[in-house]
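Okay, thanks for coming, everyone. Let me put the structure up, and then I'll walk you through a couple of helix pairs and a few single residues.

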Amino acid sequence: MGSIDYGEKIPNNVHLSEDRTLQRALEQWQPNYLKWWQEVGPDGSRGFDVYLRTAISVDPQGWAQFGYVKMPEYRWGIFLNPAEKERKIHFGDHLGQDAWQEVPGEHRANLRRIIVTQGDTEPASVEQQRHLGLTAPSQYDLRNLFQVNVEEGRHLWAMVYLLHKYFGRDGREEAEALLERRSGDQDNPRILGAFNEKTPDWLSFFMFTYFTDRDGKFQLCALAESGFDPLARTTKFMLTEEAHHMFVGEAGVSRIVQRTCQVMNELKTDDPARLRAAGVIDLPTVQRYLNFHFSVTIDLFGADQSSNAATFYSSGLKGRFEEGKRSDDHLLKGSTYKILEVAGDQVVEKEVPMLNALNEVLRDDYIKDSVAGVERWNRVIEKAGIPLRLKVPHKAFHRQIGALEDVRVAPDGRVVGDAEWNANVAQWLPTDADRAFVASLMGRVVEPGKFAHWIAPPVMGINRQPVDFEYVRFN
Ligand SMILES: [Fe+2]
Ligand SMILES: [Fe+2]
């Protein structure tokens, strides 16, 4: 099951060689992909041999192999999880019908839009992270950055496969457009807001992989429920890789916090100025970065009330997180859900039809999941005997989409006026000075086993290799 013919140009478990038209379409897209990678992929990394994992099958026991790879030669492959026999659509108006193996005409436009929106995030994050290799705090971290980058590249391949295979001409056009948009570009930006933000330093990178890759997890989980079977099987396999990305983020922030706490105890101070002078990132700055990444990421789930979300669900295209484990009727016609709105000077709950609130349902599931890791960071602080705790801000804080757009809400959930917002925003969100300080710490550390001063080493290496393993050969 799922073994790959590496003699083929594009490793895959989808019998690509039996579909000449598709193979040719992908082989034509591939050089454009490589051109994109050279232009806006990892900066200055071309000749490096990087100790990377490559997906070679979908066998849960051994789906990946590790070895040195030059990144432009990474085998970006196409893998679908095995088909489930006689799989049925298990939510929405088509509940109980056979899952679709081809695109149903009536849902074609919506399905394409879902796939393009997901696909667009993958190259976007590679673009956002492209300069980080120049300031990696260690070889170990550099390797992890590159691992995330090549796998986001593979996720783009996964979506492009669906577009080429199932959407004909307009699918091919969308696949080209995925290589043409650029993160942060004025004229041709990436589709979603958070994917046009900068990821200028490694604290941002770890926050991004913790919070924003986790958005990816929840979107992929919702798509893994899809009635369109190839999409469900593709996204299931993508989730296997996604876990590592979130690990990189969680462990990265944890190691920063650990190092800061250590210096706080050595110097017996919590004064940010003294800690900064000692070359570590003070916890209030970590909190502000957290506030920023959390708030822009929860915006990615979309407006709290959305008729599109209702349509995607009712038509069987996009389920809820763990749809199969829920015990309601999977139609949700009479169900309601609580969303937030501002009434006077308060954020209050309001009950609305659940079908229209499915973005909010997914957002709330996401929030539950992301809070857990923040608690693990707090345990590091607690263990160091320091009373401060990190906290995710209120859901209404710094939102730019839906009913909470343009409302000033403090991290504790109080609606505030412009005056209070302006007086406090420098405590709530990273300032230019914060970013400049964090940037000032960034410098390349590339000797095996050495780590930048502001971050603790990891407990373990990758793939049971030692921490001081040569993860990158610079040649
Ligand atoms: Fe991804
Ligand atoms: Fe990811």
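**Helix pairs first**

So, helix α2 (residues 108–128) and helix α3 (residues 139–166) pack at an angle of about 155 degrees, with axes 8 Å apart. Quick caveat: this is a predicted model, where local features need pLDDT of at least 70, side-chain atom pairs count only at pLDDT 80 or more, and totals for chains, interfaces and linings use all residues. Residues are numbered from 1 along each chain as its sequence is written, while chains are lettered from A and ligands numbered from 1 in the order in which they are written.

On terms: helices (H or I, at least four residues) and strands (E, at least two) are DSSP runs, numbered from the N terminus. Axes are lines fitted to C-alpha atoms, for helices over the stretch in contact, and angles run from 0 to 180 degrees between N-to-C directions.

Back to the pair: α2 and α3 are therefore roughly antiparallel (under 35 degrees is roughly parallel, over 145 roughly antiparallel, 65 to 115 roughly perpendicular, the rest oblique). On the α2 side, the residues meeting α3 include Ile115, Gly119 and Val126; among their α3 partners are Leu156, Met159 and Leu163. Contact here is C-beta atoms, placed from the backbone, within 7 Å.

How does α2 itself look? Its 21 residues should span 30 Å at 1.5 Å a residue, and the end C-alpha atoms are indeed 30 Å apart (the expected span is 1.5 Å times one less than the number of residues). Also, 15 of those 21 residues are buried, so α2 is largely enclosed by the rest of the structure. Buried means 20 or more other C-beta atoms within 10 Å of the residue's own, exposed 12 or fewer, partly exposed in between, with C-beta atoms placed from the backbone.

Next pair: the axes of helix α5 (residues 202–223) and helix α8 (residues 283–299) come within 9 Å and cross at roughly 30 degrees, so α5 and α8 are roughly parallel. Phe208 and Phe211 of α5 are among the contact residues, as are Leu290 and Phe294 of α8.

**Some single residues**

His15, in the segment before α1, has a positive phi of about 55 degrees without being a glycine. His15 counts as exposed because it has 10 C-beta neighbours inside 10 Å.

Asn463 also isn't a glycine, and has a positive phi of about 55 degrees. Asn463 sits in the loop between α12 (432–441) and β5 (472–473), and with 14 C-beta neighbours inside 10 Å it counts as partly exposed.

Definitions and conventions:
Two residues are in contact if their C-beta atoms, placed from the backbone, lie within 7 Å.
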